[in-house]
Structures are given as C-alpha cells and as structure tokens.
Amino acid sequence: MFARLAMCSRLPSKIRQSNVCPVSIRAFSQAKFSLPRPHGKSFAHRSELKQAKRIVVKLGSAVVTRGDECGLALGRLASIVEQVAMLQNQGREMMIVTSGAVAFGKQRLRHEILLSQSVRQALHSGQNQLKDMVKSTIQSVPVLEARACAAAGQSGLMALYEAMFTQYSICTAQILVTNLDFHDEQKRRNLNSTLHELLRMNIVPIINTNDAVVPPPVPNSDLQGVNVISIKDNDSLAARLAVEMKADLLIALSDVQGLYDSPPGTDDAKLIDIFYPGDQQSITYGTKSRVGIGGMEAKVKAALWALQGGTSVIIANGTDPKVTGHVITDIVEGKKIGTFFSEVKPAGPTVEQQTEMARHAGRTLASLLPEQRGEIICCLAELLTEKKDEILSANRKDMEFAAGRLSQPMTNRLSLSTAKLNSLAIGLRQLAVSSRDSVGRVLRRTRVANNLELEQITVPIGVLLVIFESRPDCLPQVSALAIASGNALLLKGGKEASNTNKILHQLTQEALAIHGVTDAIQLVSTREEVEDLCRLDKMIDLIIPRGSSQLVRNIQRAAKGIPVLGHSEGVCHVFIDSEASIDKAIEVVRDSKCDYPAACNAMETLLIHRDMLRTPLFDQIIDMLRTEQVKIHAGPRFASYLTFSPSEVKSLRTEYGDLECCIEVVDSMHDAVDHIHKYGSSHTDVIITENEDTAEQFLQLVDSACVFWNASSRFADGYRFGLGAEVGISTARIHARGPVGLDGLLTTKWVLRGEGHTVADFSEQGSMKYLHENIPVPQGHFN
C-alpha cells in the first residue's frame, strides 16, 4: 500500500489532477467511430487506420525508460497513457505490451543497496569521512542481474500504470507471459480467453514477458510463419499477441522515427514511409537500441510476421518530445507518422519519389534557354485550345459529381468554359514572352577590387508545392509560371476537380516533353493529406495555397519549416468619399462585389463617408445592391443611423465569398484608413473620390498589397496586371506581395569571379583595397 501511495505521489501533477471526463470523450468519439472490417486482411492505406477497433501498443525499453536507463520516463509515459485512454474511451479495444520492469527494478534495487551500504558504513565511519564514504558506496554498487531487477520492478511498474489509468476511469490488468504460454495449446487458449474477457469488460490489459523467469534469448527459428514465433523480446511478443487476438493495428513505439533505408544518422539515410514485404533486401540495419534486446531488424521481422497474420503495423518514435503527446492518436487518425507496413504496393511513385523526380527534372528545366521554356508554355497554350472539348468533357464529369455537394462559390470556381480556356491561353502566351527575361537575369554587378567582380543573378526557388481546391484553371496557370521560372512543381488539387486536373496535367506533361523535362511538374494523386505534405520540409522549398481562407490558414499552421506564400483572408474594402462621383461609385461597387463574389479580391465591406448618408448617391447604391440580390449586413455605426436596419454584422472581419457584404459608416478618409487597418486583411482596398489630394493620401496611408483609386478591387489579379498569370495573392511583407507572378517565384544567388584573391590580401597588412564600384549590368543572361 505504501509503495503504491509513494508511486502515485511521484506522478506529474497533470496526471494526478486530471480533469478529463471519460464519459464526454466517449460520447463525442463514438459518434464518429465506425466499426472495422472483418479481421484477416490488413489495411491497405493509412487513411483506413481510423477504422481500427482493436489496437496493440508496444512500448519499447527506450520509450519508457530514462536516458540513464535507471528508472522510468514518467512524463512520456503519462502522455502515452492519456492517448491510450482517449482511444479506449472512444470505444476501441486497447492493449499495451510494455517494457520497463528491468529499469524500474534496477532503480529500486540500486536505491536499496545504496541505502543499506550507507547505513553500514556510517556506523563505522566518522563525520569527516562521510563525503568519501558516499562516493565509494556509489562506485561499489554491483552489476545487477536483469531477472532480479524484473522481479523487483514488475509490481511497481504495474502500480504506476494502474494509478495513471485510474485518472481516466479506466481499469487495467496485468498479464505476464512466456514462450510456453503460446506454444502450449491449453495455455494459449486460456490466455486468449482471459484477454477477450478483459476487453469485453472494457479493461486495458498490460502485457509483458515474465522477465523474472525467462531464459536469456538465443538464436532460434522464430518468425518463420504464422504458427511459429518465439517470445524472445517485446517486439515478437507484440506481434504474436496482435495476431493471436486478431488486432487491427499494432503500433510499435521505439526511439527512432521509423524504418530507414540505412542506419539512422548515416549520410543519405531516408525514412521509409511505406514498407512492403518484398523490400527487405534494400534495407541495411544498424545496431540495436541503447536499451532492450531487440534491434530494428527484429522489429521489421516481427512487423512482417504480424502483417502476414492480418494485422497492420506502424513503427514510430515514442520519445520525440515534439510528438510524444499525440503520436498514437495521430497514427490512428491516419496521419503520416513513422513507417507503415502494407501488403498493397501502389502502381505509381510515392510523393517523396515524385518530389525527387520533380527536383531532378526541374534542374534541367532551369538550365534550358529562355526561348526553350517559352516554347513549352506556348505549346501548353495551344493544347488548351486544341483539346478544349476533352477538357470540358472532363470538367462536366466533375460538375455532375459536385452537384449538391459544393457551395455555389465553390461550384463557380470548379466550372470551366470555352471563354475561360481562351483567356488562359492568352495569358500563357503573354507569359511566354516575359519568361525570356527571367532565370539567370543579372540584377547587379559590382567590382569589389581589381580583377574581382561580383554578380547577383536570378535563380529558381527550387521545388514548389501548390495546393488548390475547386479551381482547375489554376493548374495550367501555375504550371506555366513554374516553367517560366525554372522551378520544379508539385500540384495537389481537390478531389472535386480530379477529372479536370488529370487531363490538364497530361497536357502540361505533353508540353514539357518537347524538351525532355516531363517529370518537372507532378500531380499528387495519392491519398496524401495536406498536413502530411507540409511535413516534407527537407524536400519542398515553398508552399503556395490557392483556395479558401480556411485552407490557407490550415496550411500555414501545418507547415512546420516550409515558407508559405499566400493570404489567409480577402477582406477587401471600398471607401466612398464625400467627394465621390455617383456614376463611378455605382459601377466600381457593382463590379467589386457582383462580378465574381467568390474571388478573394471581391469587396466584402463598403465604407461610406457620413456626409453621403441620405443622399441620392447612397440611395442609388442601395437600390443597385438590392437589384443585384446582394444581402446587406449593417456595421454597428451604420445600424445606429437606421430605424429598421438589416441584420447587424457579427464581425467586421468577415469574408463572405458570396453575394453578401457589410456596410459601415466612417467620419473621414483617415477614419476609413484606420478601419481598414483594424479589420482588413491587407489584400486590396479602394477609394472612390474626385479629390486628388484625398486619393493620394489614401494610396500612401493604406498598408495593403493593392490600393486603388476609382477602380474595381477585381483588378487585383496577375493576368490583369500584365503578369500573364499568378500563383496567388500574397499579403506578406517579405518576398513577393500582391499578385505573385514570374518574379515572385525567383530568388537570387551571388557569383564572384576572381584570380586567386584571398581575404588576407585586404587586411591592414595586405596589398589590396576594396573598391565596391557598381558597373553596368549587361543585357541578356548569366552564362
């Protein structure tokens, strides 16, 4: 009893005082959870792991023990227990195969030995000898036998698990097994029956090998088939248990991210996302973990054995502090974590392979002459018009599937027409001309010293990932910009436009083929989640989202090391000044709101100078908006002027994306600027006035990517700006801003040409001096 109380007292306060409500968790999660398929065949894709009903979690020694291998990593263990409890309370059946008894017992026995020796020595030592005595005591602790440590630690380890799970109103039960329990038919049936009964009663079994009695592991003929496996470590135990209990999923947590194609830490070692049974020959294994008796080779053999028995397997890192608190739940949600073992090998390349292919071909693309890249873009423009019937046919399939499933703004974005394709082709030809002065352009030349010249030139960024939804016309636009700028490109489109995207990508590759760079642009058509793509920080150089503000925000949150170019919202304003022209105001407001309300550059808030209220201009604008069927929401100040007002706006930062807008009243141009800065998104803002001084002040004061005078906000577009096309609108304050065209997809590098110059030549004792003279920039490109 005292041991258990002591154990509980050492729990983190978060665990001891948990306020999680198991009932509410279960009620919430069971509504989302669907029953799994019959056991016998493993899941083919990560996305199917959400269906896993019965799950075995294997905790390796490195996961549950501290770095000094003496004692348990309590915080890490608490996070794991919390996740297992959450899944259990969702209605799943959870089992834990755990290490840690030896480490826990070693801590206890060392403590007892030190205490015993210290007491004995203290009886025979003076006060002056105490310091030396403690030092010698620590050094004299004998090497502890593992079976004795396991015997001393098993009860404490179980008490710890019980105390932790109790915080979530979950009961646990301990089961210790040996080889004989699986190979003796009667014992195997008894074990099976016990585990099923525990699961039926909503109890989490905590299973471990009985290390107090098992002999040391010896080479044997284990892992040779479904009916032959020896329990020589917890990897093989977890695999045998998972198959025996017909588990849907085995999560094996260790101290590495997953399975690598060569030992982790070596040069060029790459994490394997999906591992197939036939891939063993391509793997080079390293040494085993710092603790435990199994290495990665043992884990792979156990995983393949479990896979053969119908259980899906994930090997992942359970020690990384950045992911420990959600690694198990993320895996069950289908997120791309660790190595997934699958018997179904996809026909095409993985997204990692696609990225490598794109990068390699992209370097060749960047090395082409500007005229050659222009030829590719012109070829794509021709194909858009030549193959318009095939494109529109594919688009009709997507439209039919989307009917009733998408909102009207999203449906409008999905739709293609002959006019849209013609407009795309015109923009691409325009871009082909401008692309001749892009990659390799010399921006600056400096003579640093005699015979030492420096050039700054434009170069591609590298590999771009463009994620877009419901806008298939985005694909040829972005592809043409990537070609013009010499960048490799990964495209991830929404499934609602899959047919249209497929044929547009085929046409793009047909155009790229004329100069042998077909692989430079890849369409990601696998089941990759956007969040998983955002984790490829070592392979992708820039992410560009095209779609709703929610999509952009999600990508900005998910990108953990990859720059994101985009805008989170398009809250655009039109301000009608007291000196505005009636005709201009009506036409600009109509076009800004009604031309294409789903666009990010459409007006969302109309600001009206206080003096314009109850004037003919105001009445005509209201009548026009009603005629156009625009739903009006009143800002707080505007509502105060009205006896019967439209519905008062819930937020002045709303992007409606439809035939809706907010109207608000301001006292002056400066008041309008303050409102825009407070509630706007730095996208596009407009002033309508005949006063040139007022207009110029507005243009200078408003800190947005685009600021217009007497012109519709809908002009904020790369094609309309003469860029040929755009990859999106950026509201960031570094790199590109506003409509991002060709220049926004280029970066720079510095090239220095010398004749054996050294920095020492320019020291105080050196013979040379810096000049730093600007010299004329040559016409043409870097050679």
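**Figure 1. Cavities of the predicted model.** This predicted model holds 2 cavities of 30 Å³ or more. The largest cavity contains about 50 Å³ of space. Its lining consists of Lys58, Asp235, Ala238, Ala239, Leu250, Ala252, Lys299, Ala302, Ala303, Val313 and Ile315. Two helices and two strands each supply at least two residues of this lining: helix H11 (234–244), helix H12 (296–308), strand E5 (249–254) and strand E7 (312–317). By class, the lining of the largest cavity has 8 nonpolar residues, 3 charged residues and no polar residues.

**Figure 2. The largest pocket and the residues that line it.** About 1,800 Å³ of space lies in the largest pocket. Its lining comprises 45 residues, and those closest to the centre of the pocket are Leu271, Glu352, Arg535, Leu536 and Met539. Which helices and which strand each supply at least two residues of the lining of the largest pocket? They are helix H13 (327–332), helix H14 (351–367), helix H21 (530–533) and strand E6 (274–275). Helix H14 gives the most to this lining, with 4 residues. Sorted by class, the lining of the largest pocket has 20 charged, 17 nonpolar and 8 polar residues.

**Figure 3. Strand E4, enclosed by the rest of the structure.** Strand E4 covers residues 203–209, and 7 of its 7 residues are buried, so the strand is largely enclosed by the rest of the structure. The side chains of E4 may be followed in two sets. Ile203, Pro205, Ile207 and Thr209 point one way from the strand, whereas Val204, Ile206 and Asn208 point the other way. Residues of both sets are buried.

**Figure 4. The pairing of strand E4 with strands E2 and E3.** Strand E2 (residues 93–98) pairs with E4 in the parallel sense, over 2 bridges. Within this region, Val97 has Ile207 of E4 as its bridge partner. Strand E3 (residues 171–177) also pairs with E4 in the parallel sense, over 7 bridges. Here Val177 stands opposite Thr209 in E4. Both of these E4 partners, Ile207 and Thr209, belong to the set of residues that point one way from the strand.

**Figure 5. An open sheet of six parallel strands.** In this view, 6 strands form an open sheet, and their pairing is parallel. The order of the strands across the sheet is E17-E18-E16-E15-E19-E20. Strand E17 (631–634) and strand E20 (706–709) are the edge strands, each of which pairs on one side only. From one strand to the next, the twist averages 20 degrees. At the E20 edge, strand E19 (residues 684–688) runs parallel to E20 and is joined to it by 4 bridges. Ile687 stands opposite Trp709 in E20.

**Figure 6. Cysteine residues without a disulfide.** A search of the whole structure finds 0 disulfides. Two cysteines are shown as examples. Why does the sulfur of Cys379 form no bond with the closest cysteine sulfur, in Cys378? The two sulfurs lie 8.9 Å apart, which is too far for a bond, because a disulfide requires sulfur atoms within 2.5 Å. Cys379 has a relative accessible area of 21% and is therefore partly exposed, since the buried class ends under 20%. For Cys661, the closest cysteine sulfur is in Cys662, at 7.3 Å, which is also too far for a bond. Cys661 is buried, with a relative accessible area of 0%.

**Figure 7. Lys246, a residue with a positive phi.** Lys246 is not a glycine, yet it has a positive phi of about 55 degrees. Where is Lys246 placed? Lys246 lies in the loop between H11 and E5. Both of these elements also appear in Figure 1, as contributors to the lining of the largest cavity. Is Lys246 buried or exposed? Its relative accessibility is 52%, so Lys246 counts as exposed, because the exposed class begins over 50%.

**Figure 8. Asn451, in the loop between two strands.** Asn451 is found in the loop between strand E9 (442–449) and strand E10 (452–460). Its phi is near 60 degrees, a positive value in a residue other than glycine. The relative accessible area of Asn451 is 52%, and the residue is therefore exposed.

Note on methods:
Residues are numbered from 1 along each chain as its sequence is written. This is a predicted model: local features need pLDDT of at least 70, side-chain atom pairs count only at pLDDT 80 or more; totals for chains, interfaces and linings use all residues. Side-chain values use heavy atoms; hydrogens and water are left out. On a 1 Å grid over the protein atoms alone, a cavity is a set of points where a 1.4 Å probe fits but cannot get out, and a pocket is an open set with protein on both sides within 12 Å along at least five of seven lines; lining residues have an atom within 4 Å of a point. Grid points are joined across faces, edges and corners, and a volume is the space filled by probe spheres set on the points. Ala, Val, Leu, Ile, Met, Phe, Trp, Tyr, Cys and Pro count as nonpolar, Asp, Glu, Lys and Arg as charged, and the others, Gly among them, as polar. Buried means under 20% relative accessible area, exposed over 50%, partly exposed in between (1.4 Å probe, protein chains only). Two strands pair if DSSP finds at least two bridges between them. Axes are lines fitted to C-alpha atoms, for helices over the stretch in contact, and angles run from 0 to 180 degrees between N-to-C directions.
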